[in-house]
Structures are given as C-alpha cells and as structure tokens.
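Biologist: Please take a close look at one part of this model for me. I would like the cysteines handled before anything else, then whatever else is worth setting out.

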Amino acid sequence: MGIWIVLGVVAALLLFWVMSVRCRHGHPAWEVLRRYRYAHRGLHDETRGIPENSLTAFRRAAERGYGAELDVHLTRDGSLVVIHDDSLLRTAGVDVDVASLTAEQLSQYRLEGTQEKIPFLEEVLPLFEGRAPLIVELKAEKNAARLAKAACQVLDRYKVNYCIESFHPKVLMWLKRHRPEICRGQLSQNFIRERSGMPLVAAVVMTNVLTNLVTCPDFVAYKWKDRRQLSLFLARRLWRGQEVSWTIRDSASMQRVEQEGCLPIFEEFQP
C-alpha cells in the first residue's frame, strides 16, 4: 500500500511540474516576430562611441533591418525611460536611482561620456514604425502594475510590432488580466547558480519558470548559457511555447539558436 502512495505522490508532483511550465501557443504576433533577429539594447558599439540603449544604437538597428530589445523603467513622475540598470552609475557615472528622478532631471545626464541622452520610450518607438519589431523588457520592482499600464498606453500610440517581457511575474499577470492580446514573455536564467541574495525557493521557482502556471506566457526568454533546463524543454515541447535566447555573441551560437527554433537576441557582432 505504501508504494502506491509514494507513486501517487510522485505522479502528482510530476503533473504539477508539467502544468506549472505551461505556455500559450499560437499568438498571431509570431507571424512577424519570427522573421527578425534582435539587437540587444540596440545595435550599440562602444568602440565607435555608440552606447547601449541610445537613440543612435536603436536607429542603427532599425536602418539595418534588425529588431531591438530594450529596457524600460518608470521615473518618479511616471515617464518611461529606456535604460537597463536601476542606477545611473554604470552608464552615466552618477550613483543615483532612475526611479528617484523626474523626466526633466534625467534628461540632464549623458551616456558613457558621449553626448547621447538617455532616451524615453516615446523617442525610440517612432524609429521602428513600419520596420522590425521590438522586444520590450519592463524592469519592475514594486511598481509592476503601474509600469505595465503606462508602457501599454504609450505603445498603443505607435504603429510598432512588439512583444513585452519581464523577469517579474506580476508584469505578466497584469498583462494576462488587462491586456491579454499582447504577446508576453517570461525572462529567466539559472538563479540557483547566481542567486544574488534571492531566497532558494524563489530561485528554484524562477529558474524553472514555475510561475507560468498562473501567468501562461507566450514565450520564455532564457539566458543562452543556462538554457539546458528540463522545465524549459517541457515548456517548448509539451506546451509549444516559443523560446527566445539571450544574449548571443557569435555567429556559431546564432546559427545553433535559429536551427533549434529560438529567436536570437544578439550583441557585440553583426550577423
């Protein structure tokens, strides 16, 4: 009798695991999204003085027929700024949080010692109207709903093909509930190996994209070097979810990614 109980528990756990990595299949946006490669934070080039997430980097990507991945934060006064880090220290040399600044204050800073301003989402979107799509990453902390709502309101004003991704499951939850027509994706990596203060349980859940149970994303964007995860395999094969791979830095990896049906986000070379 005991063995049957054990087998039943194992079967239940396996079923829960399979259900927890579910994805939504067949979003119409893929007809366009799958046609392109995506420049990570724009087609930036430090050696040429073209910073990441700058208007010049995005313009170069658009003009060369690439899509682009970009990062969006919310400022103190509710503006949407395109920058990766929470702080300006790495990109602008000032140790101040983006969320503590107004749009006017933010506009005074320059990127990586150049004359490039930190762009706002409204400045980037026109560059891609009628061109390749965007992968818009929302960098949420405690403002997931406010950030998601603000981003959607701005995106609605432009004729741009796009999808939205985030590490924060609450962003996907908001999209599922309020804007289900938008193609949404869960970002992940091996958080068990690189926890950075994250509790172990949370690291296990996020590494294995178990929040898919409630968010049901259209795709999983996984760190390329970490992608050998059974949960990711199940999400792709059983639920037919799309995989997006970041960040590809050489032609051989690009070829491998595309042969496996993944969408590549690349940097440091031009395919």
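Modeller: Cysteine 183 is buried, because its relative accessibility is 2% and the cut-off for buried is under 20%. This is a predicted model. The closest cysteine sulfur to that of cysteine 183 belongs to cysteine 163, 5.2 Å away, which is too far for a bond. A disulfide would need the two sulfur atoms within 2.5 Å. Cysteine 262 is buried too, with a relative accessible area of 4%. Its sulfur lies 12 Å from the closest cysteine sulfur, that of cysteine 23, so the gap is again too far for a bond. The structure as a whole holds zero disulfides.

Now the pockets. The largest has a volume of about 640 Å³. Its lining counts 25 residues, and the closest to the pocket centre are His84, Phe167, Gln189, Phe191 and Trp246. By class, that lining splits into eleven charged, eight nonpolar and six polar residues.

The second largest pocket has a volume of about 190 Å³. Among its lining residues are His73, Asp86, Val98, Lys139, Glu141 and Arg146. Six residues of this lining are charged, three are polar and three are nonpolar.

Last, aspartate 85. It sits in the loop between strand S3 (80-82) and helix H4 (89-92). Its relative accessibility is 18%, so aspartate 85 counts as buried. Beyond neighbours within four places in sequence, aspartate 85 contacts His73, Arg90 and Val98. Of these partners, His73 and Val98 also line the second largest pocket.

Notes
Residues numbered from 1 in each chain as written. Predicted model: local features only at pLDDT ≥ 70, side-chain atom pairs only at ≥ 80, totals over all residues. Heavy atoms only, no water. Helix = DSSP H or I, 4+ residues; strand = E, 2+ residues; numbered from the N terminus. Buried < 20%, exposed > 50% of the residue type's maximum accessible area, 1.4 Å probe, protein only. Contact = heavy atoms within 4.5 Å. 1 Å grid on protein atoms, 1.4 Å probe; cavity = no way out; pocket = protein on both sides within 12 Å on 5 of 7 lines; lining within 4 Å. Points joined across faces, edges and corners; volume = space filled by probe spheres on them. Nonpolar A, V, L, I, M, F, W, Y, C, P; charged D, E, K, R; others polar.
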